[in-house]
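Take a first look at the model below. The paragraphs after it go from the overall make-up to single residues.

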Amino acid sequence: MASLLPPCSLIILFFLNYNIFCHGTTANQIAKAYVVYMGSSNNINGQVFDIGATESSHLKLLSSIIPSQESERLSLVHTYNHGFKGFSAVLTDKEAAVLSDHDEIVSIFADTTLELHTTRSWDFLESESGIASNHQYPQHASGGEDVIIGIIDTGIWPESPSFNDNGIGKIPSRWNGVCMEGSDFKKSDCNRKLIGARYYDTREDMIKTESNRTLKSHTGSPRDSVGHGTHTASTAAGVMVPNASYYGLGHGTAKGGSPSSRLAIYKACSLAGCSSATILKAMDDAIKDGVDIISISIGVSSIIQSDFLNDPIAIGAFHANEKGIMVVCAGGNDGPDAFTVVNSAPWIMTVAASNIDRAFRSNVVLGNGKIYHGSGINFSNMTRSKSYPIAFAGDVASTMTPLSESSNCYPGSLDLKKAAGKIIVCVNTDPMVSRRIKKLVVESAHAKGIILINEAEKGEPFDSGVFPFSEMGDVDGAEILKYINTTKNPTATILPTVEVPKVKPAPVVASFSSRGPGGLTETILKPDVAAPGVAILAAMIPPTEKGSVPPGKRPSKFAIKSGTSMACPHVAGTAAFIKSIHPDWNTSMIKSALMTTAIASNNNGKPLTNSSDAFANPHEMGAGEMSPLRALNPGLVFETTTKDYLHFLCYYGYKQKIITSVSGTNFTCPANSIEDFISDINYPSISISQLEGHRTVRTITRTVTNVGQKNATYVAKLDLPRSGLIIKVSPEKLVFADKGSKTASFKVSFYDKGLTKGYKFGSVTWSDQVHFVRVVFAVNVV
């Protein structure tokens with residue numbers, strides 16, 4: 001049957017993630033969406049900002065470069081005018097290049113696609129803090145009602161019990177946001193908990209056909225149709241919901257990090273991803289609406305990172321921070337490789353993912369009686385009383401299929417007659433084929449179940465619904481394959497998932513969690529902290545996928561998900577909790593408190609490890625596993641100011657003219673601005689990208705503010721595990737007196753013995769025997 005869509009529409013659908021728009025442009029150029037960033041909305045001359053006049057100016061600018069015969073493109077997709085200035089519009093590459101030379105333009109970049117990156121988790125964090133539950137601060141202070149968390153994601157499912165507003169007071173009078181209605185979302189869906197909800201044209205909505213028709217999808221509503229946004233929102237600030245579970249797994253009281261805080265939802269993403277222009281618009285609106293914290297579990301691919309002023313999240317976060325709004329972002333899911341961390345600007349709180357002391361086990365029982373403890377979430381009806389034939393995927397391949405494809409369970413790689421009725425063993429030597437795809441391939445071959453040999457992800461349970469699934473590492477996988485190859489009629493069964501409590505060691509840095517050092521600069525240590533992001537139970541939209549609901553069960557209101565997307569709202573919720581206790585603390589004080597009080601040991605009392613069982617380093621976990629209770633009383637904090645961030649931009653290499661536009665002030669860059677000087681901005685960690693062995697001493701200065709007892713003396717202690725570095729801290733004591741200054745500075749000098757090259761890690765801890773202020777460092781000896 002012929003397609004009902006014109007050829008251009010087919011191209012649009014095929015290249016959806018590349019944001020291609022079809023227009024009859026001159027010289028056969030393809031027009032696509034661009035973001036035009038014009039710097040701060042602050043006016044150096046103190047003039048009143050006129051939104052109407054500004055939009056007219058933007059349109060006049062566009063009319064100077066867009067041909068008159070294409071006047072349909074003479075419009076603004078989005079206008080940014082609250083925290084910063086700019087707009088997005090549909091331009092050709094040539095038009096964008098011409099526009100980039102305009103004096104008012106800071107940067108112009110294509111509208112790219114950004115990726116979408118509980119019960120026990122909060123109890124685990126509290127138990128690991130080492131602080132008794134009857135500490136001096138209430139876990140969920142009533143002051144949290146005045147803290148507003150903005151969630152930029154896929155929307156919200158307002159009927160979830162996690163967003164009930166029982167017992168919550170009036171909406172703060174300073175709130176300037178709205179509750180937008182849609183075909184399936186009414187203003188009454190907002191309440192005193194869910195105080196705001198906005199939605200935007202998603203990437204599908206903005207695609208134009210050559211006949212100028214819009215290909216519409218059902219996205220005109222703040223309602224979540226993906227589940228990602230609902231999960232992250234409830235993790236950050238969901239109210240307490242007793243007897244929550246995912247079909248019996250993870251049973252307990254579900255709650256967010258700050259259950260009394262308000263939620264403002266900005267639906268900027270869909271299944272197709274997130275338009276960078278729309279993310280920037282959502283951040284601009286959040287600034288205007290009056291949120292205190294923005295949580296963004298989204299980011300660009302680590303392969304295509306842009307510099308800071310071509311990155312929509314970095315741009316929006318800079319100006320949000322200017323306005324006193326903390327921005328917390330997921331560090332990405334491209335681990336365990338180095339240089340994969342994203343959202344790495346110093347004014348962003350960048351979060352890595354770790355597990356908690358709970359596992360979900362899906363055991364495999366072979367015909368010879370041996371049991372292998374696999375990982376996974378499945379609600380199959382298999383039992384030990386009945387076994388099924390088991391086969392290696394490479395042995396049931398379809399004709400002419402290479403072993404490399406069939407063994408990885410590529411789509412179309414299995415022979416249906418050979419695979420039907422068997423449990424299929426797949427490997428994961430090609431990470432391009434996801435676990436979900438492998439499961440669908442095996443299921444569509446009418447197999448009975450799937451065993452996946454996957455060393456990297458063996459501890460991160462995949463949810464396969466009712467289809468039998470188990471995942472295990474290379475050692476157990478090799479034994480299963482040996483059993484298959486040495487047994488005449490091999491059989492096996494995959495048992496339904498059981499929950500395993502009090503797992504040790506925990507936390508462990510997840511294999512998928514992106515690693516530092518930063519790809520843009522190694523002079524800032526990223527990620528900042530780690531937080532629970534493996535198998536997190538939180539609110540979810542009603543399931544619609546076939547086979548996702550166990551027979552005889554009602555659809556669950558919760559789900560178990562993994563990713564730095566889940567870790568990010570843990571930190572955002574904790575930041576809201578801290579702000580409710582310390583409303584006068586600025587964003588950098590909260591960030592510093594979370595970093596310097598982070599925990600570096602596991603529940604075995606040993607250093608934190610990664611998924612390879614090696615000691616985790618700061619490029620994997622940042623300062624360590626965040627500790628909400630410890631962060632309430634850090635003793636000392638590092639205040640990183642907007643001036644520090646402007647110095648960062650200067651040292652990174654941006655021109656003075658750009659810095660002036662970004663800051664909206666007459667700030668002047670230092671005459672000597674080189675990238676190495678970034679290490680000197682007052683950040684709560686230290687990173688030196690190049691230390692020449694045997695030749696130079698690199699000295700870093702930091703300044704702390706005392707937020708603890710007025711009369712206190714802090715003594716420095718060094719932790720240098722096998723680093724080969726010589727380090728001196730001066731002074732070795734910081735003394736604070738009742739009537740003295742609240743701030744003190746110290747220097748850390750680094751010198752290498754010249755034994756080995758590469759990164760060396762360690763920490764400096766300042767202690768008054770009550771507080772332990774730990775500053776981690778990473779030094780690259782070249």
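Helices (H or I, at least four residues) and strands (E, at least two) are DSSP runs, numbered from the N terminus. This is a predicted model, in which local features need pLDDT of at least 70 and side-chain atom pairs count only at pLDDT 80 or more, while totals for chains, interfaces and linings use all residues. Residues are numbered from 1 along each chain as its sequence is written, and side-chain values use heavy atoms, with hydrogens and water left out.

In total, the protein has 18 helices and 40 strands. A residue is called buried under 20% relative accessible area, exposed over 50%, and partly exposed in between (1.4 Å probe, protein chains only). Of the 782 residues in the protein, 59% are buried. The accessible surface (Shrake-Rupley method, 1.4 Å probe; for residues, only the protein chains shown count as cover) is about 30,900 Å², and carbon and sulfur atoms account for 52% of that surface.

Next comes the interior. In soluble globular proteins, nonpolar side chains tend to be buried together. A nonpolar core is a set of buried Ala, Val, Leu, Ile, Met, Phe, Trp, Tyr and Cys residues joined through side-chain atoms within 4.5 Å. The largest such core has 131 residues, and Ile152, Ile279 and Trp347 touch the most other members. Helix α13 (residues 564–581) gives the most to this core, nine residues. A second, separate core has 25 residues, among them Leu691, Ile700, Phe746 and Val781.

Trp347 can be followed further. Contact means heavy atoms within 4.5 Å. Apart from neighbours within four places in sequence, the contacts of Trp347 include Ala314, Phe318, Lys591, Tyr645 and Phe648. Trp347 also belongs to an aromatic cluster, together with Phe308, Phe318, Tyr645, Phe648, Tyr652 and Tyr654.

Aromatic rings are judged by a simple rule. Rings of Phe, Tyr and Trp (its six-membered ring) pair if their centres lie within 6.5 Å; planes under 30 degrees apart count as stacked, over 60 as edge-to-face and the rest as tilted. By this rule there are 19 aromatic pairs. In one of them, the ring centres of tyrosine 247 and phenylalanine 379 are 5.3 Å apart and the planes stand at 75 degrees, so the pair is edge-to-face. Tyrosine 247 lies in the loop between β8 (241–246) and β9 (249–254), and phenylalanine 379 in the loop between β19 (377–378) and β20 (388–392), so the pair ties together parts 132 residues apart in sequence. Tyrosine 247 is buried, at 14% relative accessibility, and phenylalanine 379 is buried with a relative accessible area of 14%.

Now turn to a sheet. Strands of a sheet pair through backbone hydrogen bonds, either parallel or antiparallel. Here, two strands pair if DSSP finds at least two bridges between them. One open sheet has four strands in the order β32-β34-β38-β36, with antiparallel pairing. Its edge strands, β32 (636–637) and β36 (725–730), each pair on one side only. Strand β34 (residues 698–706) is joined to strand β38 (residues 743–752) by eight bridges, and β36 is joined to β38 by six. Within these pairings, valine 704 has alanine 744 as its bridge partner, and serine 730 has lysine 747.

Which side chains of β38 point to the buried face? They are Ala744, Phe746, Val748, Phe750 and Asp752, whereas Thr743, Ser745, Lys747, Ser749 and Tyr751 point to the other face and are not buried. Tyrosine 751 is partly exposed, with a relative accessible area of 27%. Its C-alpha atom is 9.0 Å from that of threonine 699, although the two residues are 52 apart along the chain.

Finally, consider the loop between β26 (498–501) and β27 (508–509), where proline 505 is found. The peptide bond from lysine 504 to proline 505 is cis, with omega near -5 degrees. Another cis peptide bond joins alanine 506 and proline 507, with omega about 0 degrees. Lysine 502 is in this loop too; its phi is near 55 degrees, a positive value in a residue other than glycine. Lysine 502 is exposed, with a relative accessible area of 72%.
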